[in-house]
Amino acid sequence: MLDEIVNAVRNCRSCVVLTGAGISAESGVPTFRGSEGLWGKFKPEELATMSAFISNPKLVWEWYNWRRQVVGEVKPNPGHYALCDLQRWFDRFTLITQNVDGLHRAAGSENILELHGNIYRNKCVDCNHQLPEDMDIDPDNISSCPRCGGKIRPDVVWFGEMLDAQIINKAFSESEQTELFFSIGTSAIVHPAASLPITAKRQGATLVEINPEMTPLSGLADYYVSAKSGEFLPTLVERLKQTSPPG
Ligand code: BV8
Ligand code: ZN
């Protein structure tokens with residue numbers, strides 16, 4: 001399997017990578033739906049929604065402050081770094097992430113499409129005015145927007161909310177023309193992100209999935225690799241370096 005994927009990388013000039021919470025698991029960031037998942041304690045509809053924020057802004061901010069603290073203490077893992085390397089084998093490379101933890105950027109990846117926003121960014125719930133990233137929010141005394149007085153919220157995409165049109169359109173247009181698509185560390189159930197690998201496969205891309213557990217995508221993938229991304233991706237890059245140094 002490894003050699004076939006090495007060949008696929010060598011024979012393709014374009015590549016799209018979609019990552020989910022699983023790629024940050026080995027950094028110590030709990031996943032959403034795993035047993036120890038973030039959601040284990042809470043349910044998505046309780047917290048990552050506008051209605052939750054309106055009915056209980058204090059709880060929502062306590063949850064995001066806890067997640068900011070968890071993410072603030074962790075570092076990118078070998079899987080994040082291997083993706084920075086992998087980019088060198090392609091003329092066209094797009095990294096799309098559902099994660100809001102900023103670890104791909106911390107690992108040195110550039111031009112990342114952050115589909116669901118970024119946990120460190122704040123914005124106004126009413127006028128969307130962007131606030132400085134390092135602004136701490138006190139759940140008991142939530143800051144107001146300097147422009148309109150609205151409540152400050154995390155700048156992430158909640159369930160039921162539209163994704164940034166420019167970002168999602170770019171993600172689909174790259175998926176519609178790529179020769180190779182990696183789906184890494186995602187349970188492939190959150191839309192519209194989960195439609196990206198299907199879009200790529202439908203237009204003839206080679207689809208590789210890396211996930212220790214099977215997902216609704218595994219049956220569609222050309223190669224389903226049951227492995228941790230922090231282990232498999234460095235192995236893939238090492239083999240590529242041995243067999244065909246980047247162009
Ligand atoms: C929208 C930001 C509509 C916030 C997040 C029914 C059918 C289809 C769709 C829907 C439906 N009902 C509702 C919907 C829409 C909904 C949706 O898809 N719901 C799902 C649950 C069914 N989608 C939305 O609401 C989206 N918006 O549709 O708007 C609309 C349309 C028009 C007009 C107005 C509105 C918005 C979705 C975005 C939600 N925001 N995050 C925050 O983070 O606080 S989603 C959240 O889930 C995270 O971003 C997370 O990344 C994302 C996806 O989860 P995963 O990343 O896959 O994480 P998960 O834990 O699930 O899986 C981890 C995987 O890693 C596992 O498979 C595990 O095996 C694997 N793993 C573990 N360790 C490793 C590993 N893999 C590799 N290596 C390891 N070491
Ligand atoms: Zn405002």
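Here are some exercises with worked solutions on this predicted model.

**Exercise 1. Overall build**

Find out how many helices and strands the protein chain has, and work out why the chain counts as being as compact as a globular protein of its length.

*Solution.* Start with the elements: the protein chain has 11 helices and 9 strands. Next, take the radius of gyration, which is 19 Å. The globule rule gives 18 Å for 247 residues, and the two values are close, so the chain is as compact as a globular protein of that length. For a feel of the dimensions, picture a box of roughly 55 × 30 × 30 Å along the principal axes, filled by the C-alpha atoms. Finally, check the burial: 53% of the 247 residues are buried.

**Exercise 2. The zinc site**

Identify the protein donors of the zinc ion (ligand 2), then explain why their arrangement is called tetrahedral.

*Solution.* Step one is to list the donors. They are the SG atoms of Cys124, Cys127, Cys145 and Cys148, and they lie 2.2 to 2.4 Å from the zinc ion.

Step two is to look at the angles. The 4 donor atoms subtend angles of 99 to 119 degrees around the zinc ion. Four donors count as tetrahedral if all angles lie between 85 and 135 degrees, so this arrangement is tetrahedral. For reference, the ideal angle for four tetrahedral donors is 109.5 degrees.

Step three is to place the donors along the chain, where their spacing reads C-x2-C-x17-C-x2-C. Cys127 and Cys145 are 18 residues apart, and the pair links distant parts of the chain. Cys127 belongs to the loop between strands S4 (117-124) and S5 (130-131), while Cys145 belongs to the loop between S5 and strand S6 (152-156).

Step four: are these two buried or exposed? Cys127 has a relative accessible area of 26%, so it is partly exposed. Cys145 has 4%, so it is buried.

**Exercise 3. A covered strand**

Describe how strand S1 (residues 14-19) is covered, and name the strands that pair with S1.

*Solution.* Count first: 6 of the 6 residues of S1 are buried. Now take the faces one by one. Ser14, Val16 and Leu18 sit on one side, Cys15, Val17 and Thr19 on the other, and all of them are buried.

Then turn to the neighbours. S1 runs parallel to strand S2 (residues 92-97), with 6 bridges joining the two. Within that pairing, Cys15 has Phe93 as its bridge partner. S1 also pairs in the parallel sense with strand S7 (residues 180-184), over 5 bridges. Here Thr19 has Ile184 as its bridge partner.

**Exercise 4. Rings and charges**

Work out why the ring pair Phe53 and Trp158 counts as tilted, then find which arginines lie over the faces of Trp63 and Trp158.

*Solution.* There are 4 aromatic pairs to choose from. For Phe53 and Trp158, the ring centres are 5.5 Å apart and the planes are at 40 degrees, so this pair is tilted. The two residues are 105 apart along the chain: Phe53 is in helix H5 (residues 50-55), and Trp158 is in the loop between S6 and helix H9 (165-175). Phe53 is buried, at a relative accessible area of 2%, and Trp158 is buried at 2% too.

Now widen the view: ring pairs link Phe53, Trp63, Tyr64 and Trp158 into a cluster. Last come the arginines. Arg67 lies over the face of Trp63, 4.5 Å from the ring centre. Arg153 lies over the face of Trp158, 3.7 Å from the ring centre.

Conventions. Residues are numbered from 1 along each chain as its sequence is written. Chains are lettered from A and ligands numbered from 1 in the order in which they are written. This is a predicted model: local features need pLDDT of at least 70, side-chain atom pairs count only at pLDDT 80 or more; totals for chains, interfaces and linings use all residues. Side-chain values use heavy atoms; hydrogens and water are left out. Donors are N, O and S atoms within 2.8 Å of the metal (3.2 Å for Na, K and Ca); water is not among the atoms, so sites may look incomplete. Four donors count as tetrahedral if all angles lie between 85 and 135 degrees; four count as square planar and six as octahedral if opposite donors are over 155 degrees apart and all others between 65 and 115; anything else is irregular. Helices (H or I, at least four residues) and strands (E, at least two) are DSSP runs, numbered from the N terminus. Buried means under 20% relative accessible area, exposed over 50%, partly exposed in between (1.4 Å probe, protein chains only). Two strands pair if DSSP finds at least two bridges between them. Rings of Phe, Tyr and Trp (its six-membered ring) pair if their centres lie within 6.5 Å; planes under 30 degrees apart count as stacked, over 60 as edge-to-face and the rest as tilted. A charge sits over a ring if NZ of Lys or CZ of Arg is within 6 Å of the ring centre and within 35 degrees of the ring normal. The radius of gyration is taken over C-alpha atoms; the globule rule is 2.2 Å times the number of residues to the power 0.38.
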